[in-house]
Amino acid sequence: MMDAQTCRMGCRCLLLLALVGAARNEGVQSCEEVRKLFQWRLVGVVKGLPDSPRAGPDLQVCISKKPTCCTRKMEERYQIAARQDMEQVLQTSSLTLKLLISRNAAAFQETLENLIRQAENYTSILFCNTYRNMALEAAASVQEFFTDIGLYVFGADVNPEEFVNRFFDNLFPLVYNHLINPGVTDSSLEYSECIRMARRDISPFGNIPKRVMGQLGRSLLPSRTFLQALNLAIEVINTTDHLHFSKECSRALLRMQYCPHCQGLTLSKPCMGYCLNVMRGCLAHMTELNPHWHAYIQSLEKLSDAMHGTYDIEHVLLNFHLLVNDAMIQAHLDGQKLLEQVNKICGRPTRTPTQSPRCSFDGSKEKHGLKISARHGEETLANRRKEFINSLRLYRTFYGGLADQICVNELAAADGPCWNGEDIVKSYTQHVVGNGIKAQTGNPEVKVKGMDPMINQIIDKLKHVIQLLQGRSPKPNKWELPLGSGDGMVEQVSGDCDDEDGCGASGSGEVKRTLKITDCKSNTTSKVLILKYN
């Protein structure tokens, strides 16, 4: 083991001595190695490259008193290469962060799509199992409602209040024809439209539409904002990955990365302090993102933490069908009063006996009832968000430490002889500045002027989304009322009745069924009546 370590140390010393020696000579005797690296870096044979060192009076950046292996054309090509190299370094440095955000954004969107589809299925099954006669007629409204939810969550300009009202408006004529005044239906579209328009005046569903608006408002908007915030984060990273470097920065990058080649020092690395000055100067504008990026992650975390219970989109959507059932029961219980109100507003219908189309579904669903089991903890959307935020928290100071990270991990020599912008030296002796634009006043390597307009735009966008995130944290709502089925988990809707459950059949075709609800907090089970109409 010691022999191997001694060998490595010896080789390293020889390499460093060679670099120092090369710097102390009048120059290399041949430019062959420089030419090979230049052609390899620029892919292909380039004409006019010097075979041996010569004077370079026309060089603009890689100026040296010694003979040089560079021409003005080479210097220009090296400057382009230096910018490309730095862009590649930036992209590599942010790759893990970018993948973390983009993959989770895609996963959250897919999970929400599945969640919306599952909630739609629960609502459809409720109609098929319990309100079978109106299930096919309700299908279009159910589908439209959940389509609107998806459009809203994923950023479309739709109004939740409007699509909630539209759903209950469309539901009322069906409830009227099948629950309140069942047996025969009116064939007049005008009469059904009158009933639909009367819904908001006579409130057949009580306060449930408002409760739905309240719950959806508290849960959909935070989820929508959460997704928008993730997309903005990807935009921020894409912008900083392709940062425009100033002329001063480009020259400094060239001097640090490729000017050593002109002296034949193809293996040299910049001194740590020298690298820090160059990178802190070049990335000074980007460093100004750091406090806003930190605040962005902090706001995203606070919003995520607040999205739980009735404020969690998963909870709200998967329990929506219970509110629909509550609305139906409310209308049924107030049936006589609603019948009189509809007759007063719309008149008595001209009745035409019809047979409503029945829902066709897998019979096993009726046999086993509506089965909605508890989801495993690790599968929940809330847990996915928590895992994501825990990973994202590690990048809170990403932009503040990026310049230093690049030098330490990618570019600079850890110790020993190194390139200081002019020669190979034992150590860098210039003053090393701090991070940020204000600290660049005394930077000996890069002159920094003003703010980058592109970075200013990104900062403004971050400020805006931070305000959105802070304003979307769920707050108590005047519409929130105690909800028996809202705080629990649906365990089973069973078609089997017994005397204890209070089930029974009436001559009107009404069958009472029981919805068992388990409260996860108290581990108690309660029963809610569901009326089934054949």
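This text considers the internal cavities and the salt bridges of a predicted model.

A search of the whole structure yields four cavities of 30 Å³ or more. The largest cavity holds about 60 Å³ of space. Its lining consists of Phe 108, Leu 112, Ser 223, Phe 226, Leu 227, Met 307, Ile 313, Leu 381 and Arg 385. Three helices, α3 (72-130), α7 (208-241) and α17 (381-392), each contribute at least two residues to this lining, and α7 gives the most, with three. By character, the lining residues of the largest cavity comprise seven nonpolar, one polar and one charged.

Arg 385, one of the residues lining the largest cavity, also takes part in a salt bridge with Asp 312, where the closest N and O atoms are 3.8 Å apart. This pair links distant parts of the chain, with Arg 385 in helix α17 and Asp 312 in the loop between α12 (290-306) and α13 (313-318), 73 residues apart. Arg 385 has a relative accessible area of 2% and is therefore buried; Asp 312, at 8%, is buried as well.

The structure contains 14 salt bridges. Among them is the pair of Asp 169 and Arg 199, whose closest N and O atoms are 2.8 Å apart. Asp 169 belongs to helix α5 (residues 160-180) and Arg 199 to helix α6 (residues 189-202), so the pair ties together parts that are 30 residues apart in sequence. Both Asp 169 and Arg 199 are buried.

Within helix α6, Glu 193 and Arg 196 lie three residues apart, about one turn of the helix. These two residues form a salt bridge with closest N and O atoms 3.1 Å apart. Glu 193 is partly exposed, its relative accessible area being 35%.

Note on methods
Residues numbered from 1 in each chain as written. Predicted model: local features only at pLDDT ≥ 70, side-chain atom pairs only at ≥ 80, totals over all residues. Heavy atoms only, no water. 1 Å grid on protein atoms, 1.4 Å probe; cavity = no way out; pocket = protein on both sides within 12 Å on 5 of 7 lines; lining within 4 Å. Points joined across faces, edges and corners; volume = space filled by probe spheres on them. Helix = DSSP H or I, 4+ residues; strand = E, 2+ residues; numbered from the N terminus. Nonpolar A, V, L, I, M, F, W, Y, C, P; charged D, E, K, R; others polar. Salt bridge = Lys/Arg side-chain N within 4 Å of Asp/Glu carboxyl O. Buried < 20%, exposed > 50% of the residue type's maximum accessible area, 1.4 Å probe, protein only.
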